[in-house]
Structures are given as C-alpha cells and as structure tokens.
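This report goes through one protein chain, from its overall fold to its disulfides, helices and core. The sequence and the structure come before the discussion.

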Amino acid sequence: MEGLLKLSTLVIVCMLVSAPMATEAAISCGAVASNLGQCINYLTKGGYISPGCCSGVRRLNSMARTTTDRQQACRCIQGAAKALGSRLNAGRAAGLPGACRVRISYPISARTNYSPLD
C-alpha cells in the first residue's frame, strides 16, 4: 500500500508539473511515472532492480525521440525526484540507466538543467 501511495503522489506531482507544457511534448509526466514506477523501491531503498524497472527505463528512452520529448521527460523526472525528496538516493537514480544498460542523453537528478538537451 505504501508503494501505491508513493506512486500516486509521484503521478499527481508529474501531472501538475506537465500541465502547462502538455501541448509542447508527446511525453506526459504520467507516462514517465508509469514507466519508472517500478523503480521507486530501488531508488529509495536499494536492493534489487526489477526487470519491470529496466523495461520502463528502456520504454521511456525509446519514447523520447525529439529534443522536446527529452526535455519534457527530464522535467518530469526532476519533478518526481524533488517529490521523493530525501528518500531518493541520488547515486542510484543517476546510475539507473547504466544499471539497466540504457544510454540516455540526460542525467536523472533533482538538479538537472533540462533546457540545453539535444
């Protein structure tokens, strides 16, 4: 139940963050949250990275085709990271794409500057 509450909070925060930008990008914060939702346990508590988490990272990466998409995904990730606050392990978050063997063009961090992404 606690995981569901965290995921629900993450989705709501992402929806609030994405509302002003919804017409600019094909990726919504809901899609980001849906794809990364199975990663929350690993990002906050450590341990095992589930196959579903890595599948979500791969799906999200394949969805982010344009600069606008990548910027939007980054904004959503940043908002979600801020919502998790001190529960988020920044090192695990930054290393998640590599751990899932996915190369992305933007770091996963609460402090990411998403404006200059290509």
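The sections below take up the fold, the cysteines, two of the helices, the nonpolar core and the aromatic rings.

## Overall fold

The model is predicted, not experimental. The chain has 6 helices and 0 strands, and from the N terminus the order of elements is accordingly α-α-α-α-α-α.

The chain is 118 residues in length, and 45% of these count as buried. Among contacts with a sequence separation of 6 or more, 76% are between residues 24 or more positions apart.

## Disulfides

There are 3 disulfides in the structure. When the bonded cysteines are counted along the chain, the pairing reads 1-5, 2-3, 4-6.

One disulfide is formed by C29 and C76, with a distance of 2.0 Å between the sulfur atoms. C29 belongs to helix α2 (residues 29-36) and C76 to helix α5 (residues 67-84), so this bond ties together parts that are 47 residues apart in sequence. The torsion about the S-S bond is about -85°, so the disulfide of C29 and C76 is left-handed. Both C29 and C76 are buried.

Another disulfide links C39 and C53, again with S to S 2.0 Å. C39 is placed in the loop between α2 and α3 (40-45) and C53 in helix α4 (residues 51-63), so the two connected parts are 14 residues apart in sequence. For C39 and C53 the S-S torsion is about 105°, so this link is right-handed. C39 and C53 are both buried.

The remaining pair to describe is C54 and C100, whose sulfur atoms are 2.1 Å apart. C54 is in helix α4 and C100 in the segment after α6 (90-99), so the pair ties together parts that are 46 residues apart in sequence. The S-S torsion of C54 and C100 is -75°, and the link is left-handed. C54 is buried, as is C100.

## C74

How far is the sulfur of C74 from the closest cysteine sulfur? The distance is 9.2 Å, to the sulfur of C76, which is too far for a bond. C74 has 1% relative accessibility and therefore counts as buried, the cut-off being under 20%.

## Helices α4 and α5

Helix α4 has 13 residues, which should span 18 Å at 1.5 Å a residue; the end C-alpha atoms are 18 Å apart, in agreement with this. Its buried residues are G52, C53, C54, G56, V57 and L60. Two of these take part in disulfides: C53 is bonded to C39, and C54 to C100. The elements that cover the buried residues of α4 include α2, α5 and α6.

Helix α5 has 18 residues with an expected span of 26 Å at 1.5 Å a residue, and its end C-alpha atoms are 26 Å apart, which agrees. Of these 18 residues, 14 are buried, so α5 is largely enclosed by the rest of the structure. After α5 comes G85, which has a positive phi, near 55°.

## Nonpolar core

In soluble globular proteins, nonpolar side chains tend to be buried together. Here the largest nonpolar core has 23 residues, and V32 and L96 are the members that touch the most others. At least two residues of this core come from each of α2, α3, α4, α5 and α6. Helix α5 gives the largest share, 5 residues.

Which residues does L96 contact, if its neighbours within four places in sequence are left aside? They are C39, Y42, L43, I49, C53 and V57. The disulfide partners C39 and C53 are thus both in contact with L96. V57, another contact of L96, is one of the buried residues of α4.

## Aromatic rings

A search of the whole structure for aromatic pairs finds 0. The ring of Y42 does have a charged group over it: the charged end of R92 sits there, 5.9 Å from the ring centre. Y42 is also one of the residues in contact with L96.

Terms used. Residues numbered from 1 in each chain as written. Predicted model: local features only at pLDDT ≥ 70, side-chain atom pairs only at ≥ 80, totals over all residues. Heavy atoms only, no water. Disulfide = S-S within 2.5 Å. Helix = DSSP H or I, 4+ residues; strand = E, 2+ residues; numbered from the N terminus. Buried < 20%, exposed > 50% of the residue type's maximum accessible area, 1.4 Å probe, protein only. Phe/Tyr/Trp six-rings, centres within 6.5 Å; stacked < 30°, edge-to-face > 60°. Lys NZ or Arg CZ within 6 Å of the ring centre and 35° of its normal. Expected span 1.5 Å × (residues − 1). Contact = heavy atoms within 4.5 Å. Core = buried A, V, L, I, M, F, W, Y, C linked by side-chain atoms within 4.5 Å.
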